[in-house]
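Trainee: I should like to go through the aromatic and nonpolar packing of this protein. May we begin with the charges that lie over rings?

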Amino acid sequence: MSILDQKKLIESIHPFELLSSNELDGLMGKIDIAYYPKDTLLISPTLASIVFYIIIKGSVKELIDDEIHNVFSEGDSFDADALIYTKTKGKFLVDEDLICYEIKKDDFLDLMQNKDVQSYYLQDLVSRHQSLKEYDMQSDLSGFLIAKVSDIFLHVACIVEKNETIYDSLVKQQELKAKAILVKETDSYSIVTDTDIRVKMILGSLHVEDYIEKIATKNIISIDINDFLFNALLSMTQNEIKRLVVTDGNEVVGILEQLDLLSYFANHSHLVSVQIEKAKTIDDLKNLQSDLKNLIITLRAKGVKVRYITKLVSTLNIKVYQKVFAMCVDEKYHQDCALLVMGSEGREEQTLKTDQDNALIIKDGSTCRELEDSMKEFNRYLLELGFPTCSGNVMVTNPLWAKELHEYKNSLDTWTHDMSETSAQNLSIFLDAKCIAGNTKLFEEINSYMYSQFSQRDDVLAHIAKAILNFDTPISMFSNFITAKDNEIDIKKGGIFAIVHGVRTLCLQHKVKETNTIERIKALNNKGVFDKIFATELIESFDTLSSIRLKAMLDAKSIDDSNHINPKNLQKIQRDLLKDSFRVVNKFKKFISFNFHLNMVS
């Protein structure tokens, strides 16, 4: 391996990339290469550590109380703690013939004078996990820096002939709800803005029947639709203008407004929200779907935590639901029913659109029979907007999920007493319900009734909780990923579901009515169900799993592929984060099993 390759390997290991150029060059001169055969004991409680190891080839297993705690392989490093604290609980044993770099103890401790290196190695597990995530997210910023004009919302261009009257041009602008008027010249365009109308027409004493060209400004500034957004921002700043004409070749395709551009860079959710409010037809809402995806990409690239992205996107999706509900259900029936969303929407954890999970509570004795047709239209519109139908038919078109209040109470009675797998599943679904339209009091009544049913019902809770064991965590006792035949793992089944469902069941036990998983964890921590350290580990692990899943969803060609990842395609930092998260998932499963005595549930 050349010096250049050695340097690249060292720089790829966090936090060594934070060293200055001189510090890194100095370190390269102090690194040795060593070989150890299989079964060599490197470090133990009675064998002090004298070097910091970076594996080139082979593997090393760490044993604590003769049980494998971790396995280190190519690109991994160990054991800073043994050097810093001069002691260790584990034994580090060569598992496969080892070729490695070694940094002598004194040289490693000298590196600790660098505050970035020091802060990383002196952090606890949670802080180190957060640090790795922050470093990993930095590499995604490049995607944001190369965003193009085609990625942003463009306003319609109002184009008129130069011999049209000012009045006719303003009428056309009003009809198109355009921000400016473009006046077509022989081989170019001029522009009319509000300032031109105010200064040149009103103050200039022109009449509305004069030609529009008299108040137009020549030499407009334009930008190609395939150019970068940063160039658009630069052009606006340099020319002190508030809009750019966007072209595709010689054709004008829209107007880029400064407000929209700044909103995109800051967080263009406000623009999407306004567009949803303005929507009058289902086609208006269809046009927003690409904006929602661009919003997710933008926020993710800017390093926004996935928990905040999902809350924001869920909020916008709920606005879409509310708009569609208003289109389908006559306002006179709004107080006779309550529209619920469940699943990831109810938990405010949705990013890209997943299956519809919705329900309708109808007021007892209501005669609004038209609702059946309205709900068919509601589901059909959502499908057109990209919300797939639920494979389990948890939708308002299913009589099981669209019925009167007293019928829901009867269903809850059944679900909490027969302890069947189907009943446990229905309860789990309903636990995530959130009322987003109609009469919220109907939902509040049924929600309170549901929680009242679980006093002293540990048997039912245990049957609900046991679903956490339905899927194995895809990591072995040797800290290797367990993949399917296609070398992929299902990150939802293998990790996310266990945290979501386990936390959901604990909340039912302790009468915590939050629906968002992270808010539930915080509430359980406040009730003393588990301590702050474990709560933080759960939150960080859930955030990591959700973040990796989000990237998989953005890259997936279909919904079926959106939960599957190949660990080999992840960067080393992401693999390390994923392994840490799966370890926390296994720890949480043990907690749930003990709490609900799952070993006694058949």
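Mentor: Certainly. This is a predicted model. In it, the charged end of Lys403 sits over the ring of Tyr408, 5.1 Å from its centre. A further case is Lys409, with its charged end placed 5.5 Å from the ring centre of Tyr449.

Trainee: Leaving aside its neighbours within four places in sequence, with which residues is Phe430 in contact?

Mentor: Phe430 belongs to the largest nonpolar core, where it is among the residues with the most contacts. Outside its sequence neighbours, its contacts include Tyr408 and Trp401. The full set is Leu340, Met342, Trp401, Tyr408, Trp415, Ile446 and Met450.

Trainee: Which helix gives the most to the largest nonpolar core?

Mentor: That core has 69 residues, including Ile361, Phe530 and Leu578. Nine of its residues come from a helix spanning 491-509. The helix is α22.

Trainee: How are the rings of Phe471 and Phe497 arranged, stacked or edge-to-face?

Mentor: The count of aromatic pairs comes to 18. For Phe471 and Phe497, the ring centres are 5.6 Å apart and the planes stand at 85 degrees. Planes over 60 degrees apart count as edge-to-face. The pair is therefore edge-to-face.

Trainee: How many residues apart are Phe471 and Phe497?

Mentor: Phe471 lies in the loop between α21 and β17, whereas Phe497 is in helix α22. The pair thus links distant parts of the chain, and the separation is 26 residues.

Trainee: Is Phe471 buried or partly exposed?

Mentor: Buried means under 20% relative accessible area. Phe471 has 28% relative accessibility, so Phe471 counts as partly exposed.

Terms used:
Residues numbered from 1 in each chain as written. Predicted model: local features only at pLDDT ≥ 70, side-chain atom pairs only at ≥ 80, totals over all residues. Heavy atoms only, no water. Core = buried A, V, L, I, M, F, W, Y, C linked by side-chain atoms within 4.5 Å. Buried < 20%, exposed > 50% of the residue type's maximum accessible area, 1.4 Å probe, protein only. Helix = DSSP H or I, 4+ residues; strand = E, 2+ residues; numbered from the N terminus. Contact = heavy atoms within 4.5 Å. Phe/Tyr/Trp six-rings, centres within 6.5 Å; stacked < 30°, edge-to-face > 60°. Lys NZ or Arg CZ within 6 Å of the ring centre and 35° of its normal.
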